[in-house]
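Q: Please take a close look at one part of this chain and walk me through it. I would like to know how the pieces there fit together, and which side chains are covered or open.

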Amino acid sequence: VMSEEGASGVYVNPHGVVHDMVTVGRVVPNAVALEGEPETQHSWFPGYAWTITYCRRCFSHLGWRFTPAAAGWGGGVS
């Protein structure tokens, strides 16, 4: 997903926490794990769902994976 600013951008979540984001297209296979189901609520990218990502090696939070939201998804994009 490319933001209006390009490959990086700054976003604020509903709790007021600021996130500097860098958009990447690929990661090392099996280096990143996903946690939970894709969620559209509070997505920074309309039409996309987010899933938490973390490092499989050190378990550090890396960010979020954004995928196109399924048609009829009940979460609602905000």
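A: His-42 sits in the loop between S3 and strand S4, which covers residues 48-55. This is a predicted model. The phi of His-42 is near 65°, a positive value in a residue that is not glycine. His-42 counts as partly exposed because its relative accessible area is 41%, and the partly exposed class lies between 20% and 50%.

A second loop residue is worth setting beside it. Asn-30 lies in the loop that runs from strand S2 (18-22) to strand S3 (32-39). The phi of Asn-30 is also positive, near 65°, and Asn-30 is not a glycine either. Asn-30 has a relative accessible area of 66%, so it is classed as exposed. One loop therefore leads into S3 and carries an exposed residue. The other leads from S3 to S4 and carries a partly exposed one.

Now the strands themselves. S3, S4 and S5 make an open sheet, in the order S3-S4-S5, with antiparallel pairing. S3 and S5 are the edge strands, each pairing on one side only. From one strand to the next, the twist averages 30°. Strands of a sheet pair through backbone hydrogen bonds, in a parallel or an antiparallel sense.

Take the S3 side of S4. These two strands pair antiparallel over five bridges. Glu-35 belongs to S3. Across from Glu-35, in S4, stands Ile-52. Glu-35 is partly exposed, because its relative accessibility is 46%. Setting aside residues up to four places away in sequence, Glu-35 touches Thr-51, Ile-52 and Tyr-54. Glu-35 can also be placed against Trp-64. The two are 29 residues apart along the chain, and their C-alpha atoms are separated by 9.5 Å.

Next, the S5 side. S4 and S5 (residues 61-68) run antiparallel and are joined by seven bridges. Two partners help to fix the register. Trp-50 has Phe-66 of S5 as its bridge partner. Tyr-54 has His-61 of S5. S4 and S5 form a hairpin, with five residues between them. In that turn, Phe-59 has a positive phi of about 65°.

Look at the two faces of S4. In a regular strand, side chains alternate between the two faces of the sheet. S4 shows this pattern. Ala-49, Thr-51, Thr-53 and Cys-55 point to one face and are buried. Tyr-48, Trp-50, Ile-52 and Tyr-54 point to the other face and are not buried.

Thr-51 shows what the buried face looks like in detail. Thr-51 lies in S4. Its relative accessibility is 5%, so it counts as buried, the cut-off being under 20%. Leaving out neighbours within four places in sequence, Thr-51 is in contact with Leu-34, Glu-35, Gly-36, Glu-37, Pro-38, Gly-63, Trp-64 and Arg-65. Glu-35, one of those contacts, is itself partly exposed.

Then the cysteines. By distance, the model has zero disulfides. Cys-55 is in none, and its nearest cysteine sulfur, that of Cys-58, is 3.7 Å away. Why is there no bond? The sulfur of Cys-58 is 3.7 Å from that of Cys-55, its closest cysteine sulfur, and this is too far. A disulfide needs the two sulfur atoms within 2.5 Å. Covering is another point for this pair. Cys-55 has a relative accessible area of 17%, so it is buried. Cys-58 is at 49%, so it is partly exposed.

Finally, step back to the whole chain. It has zero helices and five strands. From the N terminus on, the elements run β-β-β-β-β. Of its 78 residues, 23% are buried. Among contacts between residues at least 6 apart in sequence, 31% join residues at least 24 apart. The accessible surface comes to about 5,700 Å², and 55% of it belongs to carbon and sulfur atoms.

To recap the part you asked about: S4 pairs with S3 over five bridges and with S5 over seven. One face of S4 is buried, with Thr-51 among its residues. The loop before S4 holds His-42, and the turn after S4 holds Phe-59.

Definitions and conventions
Residues are numbered from 1 along each chain as its sequence is written. This is a predicted model: local features need pLDDT of at least 70, side-chain atom pairs count only at pLDDT 80 or more; totals for chains, interfaces and linings use all residues. Side-chain values use heavy atoms; hydrogens and water are left out. Helices (H or I, at least four residues) and strands (E, at least two) are DSSP runs, numbered from the N terminus. Buried means under 20% relative accessible area, exposed over 50%, partly exposed in between (1.4 Å probe, protein chains only). Contact means heavy atoms within 4.5 Å. Two strands pair if DSSP finds at least two bridges between them. Axes are lines fitted to C-alpha atoms, for helices over the stretch in contact, and angles run from 0 to 180 degrees between N-to-C directions. Accessible areas come from the Shrake-Rupley method with a 1.4 Å probe; for residues, only the protein chains shown count as cover.
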